[in-house]
Every structure is written in structure tokens, then in C-alpha cells.
Amino acid sequence: MKFVIIETPVQGDLQNVLLYARWAIRDSLNRGEWAVAALGPASGYASQAERAVFYLDRGWTPGLLEALESYLRAGVPVERRWMEDKQEIGAGLPAEAAAEIAKEMAKQRVADEARISEIADRVGVEIRWVTT
């Protein structure tokens, strides 16, 4: 069983934050991983983890970007995951609304990738995302 650190955004409604974190942990356990929800890279688990896994349906928050930079500096492999990989985006919505949601998510990913590249340049590493 692989030991991973789960990183999810902590922003917005507390109930939704907790529900999303629980989903992420359940998803990780279903993948045969032993998961611990992050208390940040300084929590002491980083040196023991096989990787840090970022669940990104809610986007990159400033806290997640800070955590990413810390993991990169510590040499911990990182992985990205999205709930949308398991569900159809906009299920149950009119086709136009679902298409608009998908379009906005794609734009957000492009902006996020630019910020991540800046972090990698600052840290002086090339990010090699782990895939499962």
C-alpha cells in the first residue's frame, strides 16, 4: 500500500471543504493508497510519503500553490487528480450550460499551468507529474 499525502483546497464553505476532502481520501483508499489529509508540507509527513496528491476540481488556491512549492523543494513527487475524471462534467444540465462549464474549467487550467510553471522556475526544478 502506497503512503500519499492528500492536498485539497481549504477555501469557501466549511461543509463543502470537508465533503470534498472526504471524497478525495475515499478515492485514494479505493486506489489502494494509505492516505492522510495534509496539514501542509511542514506537518512532517512529506519525507515519508511516496507522493503528494493534489485534488483540483476546485482549482489551485494560494495554499495549494504554496504546498506545491514546498513539496517541490523537498523533492517529493506530485500528482494531480480531478473528480471530473470519474464523472461527466455538467451531468443533468442543459448541453449549453455543460459546455460553458467545461470551457471555463479549461481556461482555468491554462491559467493554473502558467502559475505552476512560474513556481517550478523559481524553485529551479522541472515538474514531472506522477500518473497512476
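How many of the six residues of strand 1 are buried? Select residues 2-7 and take a look: five of the six are buried, leaving strand 1 mostly covered. Keep in mind as you click around that this is a predicted model.

**Out to strand 2**

Keep strand 1 on screen and add residues 33-37, which make up strand 2. The two strands run parallel and are joined by five bridges. For one concrete pairing, pick Ile-6: its bridge partner in strand 2 is Ala-37. Now show residues 14-30, helix 1, and trace the chain from strand 1 through that helix to strand 2. This β-α-β crossover is right-handed.

**Over to strand 3**

Go back to strand 1 and select residues 51-55, strand 3. Here four bridges do the joining, and the strands again run parallel. Click Ile-5 and you'll find Ala-52 as its bridge partner in strand 3.

A bit of background while you have backbones displayed: strands of a sheet pair through backbone hydrogen bonds, either parallel or antiparallel.

**The whole sheet**

Time to bring in residues 78-81, strand 4. With that added, you have an open sheet of four strands, paired in parallel and ordered 2-1-3-4. Strand 2 and strand 4 are the edge strands, each pairing on one side only. Turn the view to check the twist: neighbouring strands of this sheet are turned by 30° against each other on average, ignoring direction.

Zoom in on strand 3 and strand 4, which pair in the parallel sense over four bridges. Two spots to label are Phe-54, whose bridge partner in strand 4 is Arg-80, and Val-53, which stands opposite Glu-79 of strand 4. From here, follow the chain from strand 3 through helix 2 to strand 4: this β-α-β crossover is right-handed.

**Helix 2**

Select residues 62-74 to get helix 2 by itself, then turn the sheet back on. Helix 2 packs on the sheet and touches strand 1, strand 3 and strand 4. Its direction makes about 160° with that of strand 3.

If you like checking geometry, put a distance between the first and last C-alpha of helix 2: its 13 residues reach 19 Å, close to the 18 Å expected at 1.5 Å a residue.

Which residues of helix 2 are buried? Colour Leu-64, Leu-65, Ala-67, Leu-68, Glu-69, Tyr-71 and Leu-72 to see them. Glu-69 is one of those buried residues, and a good one to click on.

Last stop: Gly-75, which follows helix 2 and has a positive phi, near 80°.

Conventions: Residues numbered from 1 in each chain as written. Predicted model: local features only at pLDDT ≥ 70, side-chain atom pairs only at ≥ 80, totals over all residues. Heavy atoms only, no water. Buried < 20%, exposed > 50% of the residue type's maximum accessible area, 1.4 Å probe, protein only. Pairing = 2+ DSSP bridges. Right-handed = clockwise from strand over helix to strand, strands pointing away. Axes fitted to C-alpha atoms, helices over the stretch in contact; angles between N-to-C directions. Contact = heavy atoms within 4.5 Å. Expected span 1.5 Å × (residues − 1).
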